[in-house]
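This briefing goes through one protein chain, topic by topic. Keep the sequence and the structure in view while reading.

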Amino acid sequence: MNRILVEVCIGTSCHLLGAEDLLHALENLPAEKQERLQVQGITCLKACGQGPNVRIQQQVFTNMTPDKLLEILEPYFCSEGGTVSWRK
């Protein structure tokens, strides 16, 4: 099973704009969904004014909220290969 790489920016701007809420949303997922994720904190995605920011499978998403993050991740959980194409 391929794991879904989710990188949450935890730099100063993103932290102040709610990055911790994103991490809590991921921590509160059911265990079977958490097992599909590889979550990493990173320091900057170069979009500080649009945070909090998340990179999922090499695609950057800005102005992230917990609900938006879970909505974006849902197709990955339904996909066997763990690859989904998204437009920002």
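A polar contact is a pair of N or O atoms within 3.5 Å; within protein, one of the two must be able to donate a hydrogen and the other to accept it. The model discussed here is predicted. In it, a polar contact of 2.6 Å links the side chain of glutamate 7 to that of arginine 55.

**Overall build**

- The protein chain contains 4 helices and 4 strands.
- Along the sequence, these elements follow the pattern β-α-α-α-β-β-β-α.
- The protein chain has 88 residues, of which 41% count as buried.
- Among contacts with a separation of 6 or more, 64% are between residues 24 or more positions apart.

**The sheet**

- The 4 strands form an open sheet with mixed pairing, in the order β2-β1-β3-β4.
- Which strands stand at the edges? They are β2 (37-42) and β4 (59-61).
- Each of these edge strands has a single partner strand, so one side of each is left without a neighbour in the sheet.
- On average, neighbouring strands of this sheet are turned by 20 degrees against each other, direction ignored.
- Strand β3, which covers residues 54-56, pairs with β4 in the antiparallel sense over 3 bridges.
- Within this part of the sheet, arginine 55 has valine 60 in β4 as its bridge partner.

**Helices on the sheet**

- Helix α2 (residues 19-27) lies across β1, β2 and β3, and runs at about 150 degrees to β1.
- Helix α4 (residues 66-78) also packs on the sheet, where it touches β1, β2, β3 and β4.
- The direction of α4 makes about 10 degrees with that of β3.

**The nonpolar core**

- The largest nonpolar core has 22 residues.
- Val6, Ile56 and Leu73 touch the most other members of this core.
- Two or more residues of the core come from each of β1, α2, β2, β3, β4 and α4.
- Helix α4 gives the largest share, 5 residues.
- Leaving aside neighbours within four places in sequence, isoleucine 56 is in contact with eight residues listed here: Ile4, Leu5, Val6, Phe61, Leu69, Ile72, Leu73 and Tyr76.

**Glutamate 7**

- Glutamate 7 is part of strand β1, residues 4-9.
- Is glutamate 7 buried or exposed? Glutamate 7 is buried, because its relative accessible area is 7% and buried means under 20%.
- Apart from neighbours within four places in sequence, the contacts of glutamate 7 include Gln40, Ile42 and Leu45.
- Other residues in contact with glutamate 7 are Asn53, Val54, Arg55 and Gln58.
- Of these, Arg55 is the residue whose side chain makes the polar contact of 2.6 Å with glutamate 7.

**Cysteines**

- How many disulfides does the structure hold? The structure holds 0 disulfides.
- Cysteine 9 is in no disulfide, and the nearest cysteine sulfur, that of cysteine 14, is 3.5 Å away.
- A disulfide needs two cysteine sulfur atoms within 2.5 Å, so the distance of 3.5 Å from cysteine 9 to cysteine 14 does not qualify.
- Cysteine 9 is buried, with a relative accessible area of 3%.
- For cysteine 48, the closest cysteine sulfur is in cysteine 44, at 3.8 Å, which is too far for a bond.
- Cysteine 48 is partly exposed, with a relative accessible area of 38%.

Key
Residues numbered from 1 in each chain as written. Predicted model: local features only at pLDDT ≥ 70, side-chain atom pairs only at ≥ 80, totals over all residues. Heavy atoms only, no water. Buried < 20%, exposed > 50% of the residue type's maximum accessible area, 1.4 Å probe, protein only. Contact = heavy atoms within 4.5 Å. Pairing = 2+ DSSP bridges. Axes fitted to C-alpha atoms, helices over the stretch in contact; angles between N-to-C directions. Core = buried A, V, L, I, M, F, W, Y, C linked by side-chain atoms within 4.5 Å.
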